[in-house]
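Here are a few friendly notes to help you find your way around this structure. Keep the 3D view open while you read, and take the points one at a time.

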Amino acid sequence: MAVIITMIYYFVFLFLYLSDVISGVSFLVILLLSLIILSTVLIVYWNKRAIKRKVMLITSLMALLFCYEMPLLFYDANTHAVYRYIDPLEIYKGSGIYLLGVNRVDFQFTENKKAVIDLLNKQKMDYLDITKITNSDRYGSKNRQLLKWFHLGKSDVDQMRDNVKQFLVKEDGRINEFLNSETIEGSSAGLGLALTGLIMRGDLQNDLKIAVTGAISETGDVLPIGILKEKMKIAEKAGFSLMIIPSANRKEAKQIQKKLNVNIKIIDVAQIDEAVLLINELNGKSK
C-alpha cells in the first residue's frame, strides 16, 4: 500500500509538470524535499523494524524516481524552438528525389516569442517558424536521451536505418553515409531513402524533381512525420512543384496549404509500393 501511495503521489506531480502547471525545477525540488523528509523519518524510526522496512522501501523508491527525473535540469532552460531552412538534399544525383530536413535551434530563458524574434533580428538569422517548448516536449527529450545513454531501445535514426535496409535488402554506401551523419535526427527521410535506393539499383526511374518526406515501417508502410508545416515551406521556397507525404498527414497538409497558401501539389501515400506506382504515373510510365 505504501508503494502505491508513493507512486500516486509521484504521478500527481508528474501530471502537474506535464500540464505546464509547475516547472522542471519545482518538480525536482518537490521530489528532493520528499526524499529528505522520508530520510528523516527513516532515521527517527530506525530502531522500529516494522516501520523501518516500509519507510526504507518508499525512500529507496523515491530516490530512484528523483535520479530518473534529475536530467530535467538540463532541459528546463530551453523555452523556444526556432526552425530554419535547410536546402533539400538529393543523395543520388539525377534521382530527382529530394529529402527535406529542418534545422532546429533551441533558445534558452526567452520570455516570449517576441523576445526570440528580437534576438534573431539582432543576429540577422532567417527562420521558418518559432514554437514554445512545453514540459511535455522537454520530458520526451529527456527520456529519449536516457534511452540513448543506456542503450535501451533504438533511436529514430537507427530504426530508420534498419527499416530502409530491410526494404532494400542490399546496402549502399551513399545511403549509409547519409545515415551515419551526426547531424540527422528523426526518421522522416525513410521514404526518400527507400525510393532513392530503388532508383540507384534500376528498379525505378524518375525524371521529375520531387520533394519527399515520410517515415517507413519494416513492412513498407509509410508512417506520419512531424514539423510538416516547416517542410512544406522549405519545399515551396526551394521551388518544388511536387511533394510526397504520408497519407496520415493528409488532413494536416490540407489545413497548412489553405492557411499559408502553399503553391505545391501535395500527394500522399500509405505504402512505398504506392509511391513507386505514383512516380511511374507522374513520369508517364507503366510498371
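The points below go through two sheets, the helices that pack on them, and two helix pairs.

1. A word before you start: what you are looking at is a predicted model. Please read each angle and contact below as a feature of that model.

2. Let's begin with the sheet of four strands. It is open, with the strands in the order β2-β5-β8-β9, and the pairing is parallel. Which strands are at the edges? They are β2 (97–99) and β9 (265–269), each of which pairs on one side only. From one strand to its neighbour the turn is 30 degrees on average, if direction is ignored.

3. For a closer look at this sheet, try β8 and β9. Strand β8 covers residues 242–246, and five bridges link it to β9 in the parallel sense. If you would like a landmark, find Met-243, which stands opposite Ile-266 in β9.

4. Next, add the helices that pack on this sheet. Helix α8 (residues 190–200) touches β2, β5 (210–212), β8 and β9, and its direction makes about 150 degrees with that of β2. Helix α9 (residues 228–237) lies across β5, β8 and β9, and runs at about 165 degrees to β8.

5. Now to the other sheet. Three strands make up this open sheet, in the order β3-β1-β4, and here the pairing is antiparallel. At the edges stand β3 (102–108) and β4 (129–132); each has a single partner strand, so one side of each has no neighbour in the sheet. The twist from one strand to the next averages 25 degrees.

6. Within this sheet, β1 and β4 make a good place to pause. Strand β1 spans residues 78–85 and runs antiparallel to β4, with four bridges joining the two. Here the landmark is Val-82, standing opposite Ile-130 in β4.

7. Which helices lie across β1, β3 and β4? One is helix α4 (residues 113–122), running at about 140 degrees to β4. Another is α9, at about 25 degrees to β1. You have met α9 already: it also lies across β5, β8 and β9, so do follow it from one sheet to the other.

8. Two helix pairs remain. Helix α2 (residues 24–44) packs with helix α3 (residues 49–69) at an angle of about 155 degrees, and their axes are 9 Å apart. The two helices are therefore roughly antiparallel, and the crossing is left-handed. Among the residues that meet are Phe-27, Leu-31, Leu-35 and Leu-38 in α2, and Val-55, Met-62, Leu-65 and Phe-66 in α3. Sorted by class, this contact has 15 nonpolar, three polar and two charged residues.

9. The other pair brings back α8. This helix and helix α11 (residues 272–282) pack at an angle of about 60 degrees, with 11 Å between their axes. They are therefore oblique to each other, and their crossing is right-handed. In α8, Leu-191, Ala-194, Leu-195 and Leu-198 meet Ile-272, Ala-275, Val-276 and Ile-279 in α11. How do the residues of this contact divide by class? Eight are nonpolar, with no polar and no charged residues.

10. To finish, try tracing α8 on your own. Start where α8 packs on the sheet and touches β2, β5, β8 and β9, then turn to where Leu-191 and Leu-198, among others, meet residues of α11.

Definitions and conventions:
Residues are numbered from 1 along each chain as its sequence is written. This is a predicted model: local features need pLDDT of at least 70, side-chain atom pairs count only at pLDDT 80 or more; totals for chains, interfaces and linings use all residues. Side-chain values use heavy atoms; hydrogens and water are left out. Axes are lines fitted to C-alpha atoms, for helices over the stretch in contact, and angles run from 0 to 180 degrees between N-to-C directions. Angles under 35 degrees count as roughly parallel, over 145 as roughly antiparallel, 65 to 115 as roughly perpendicular and the rest as oblique. A crossing is left-handed if the near helix is turned anticlockwise from the far one by less than a right angle, and right-handed if clockwise. Contact means heavy atoms within 4.5 Å. Ala, Val, Leu, Ile, Met, Phe, Trp, Tyr, Cys and Pro count as nonpolar, Asp, Glu, Lys and Arg as charged, and the others, Gly among them, as polar. Two strands pair if DSSP finds at least two bridges between them.
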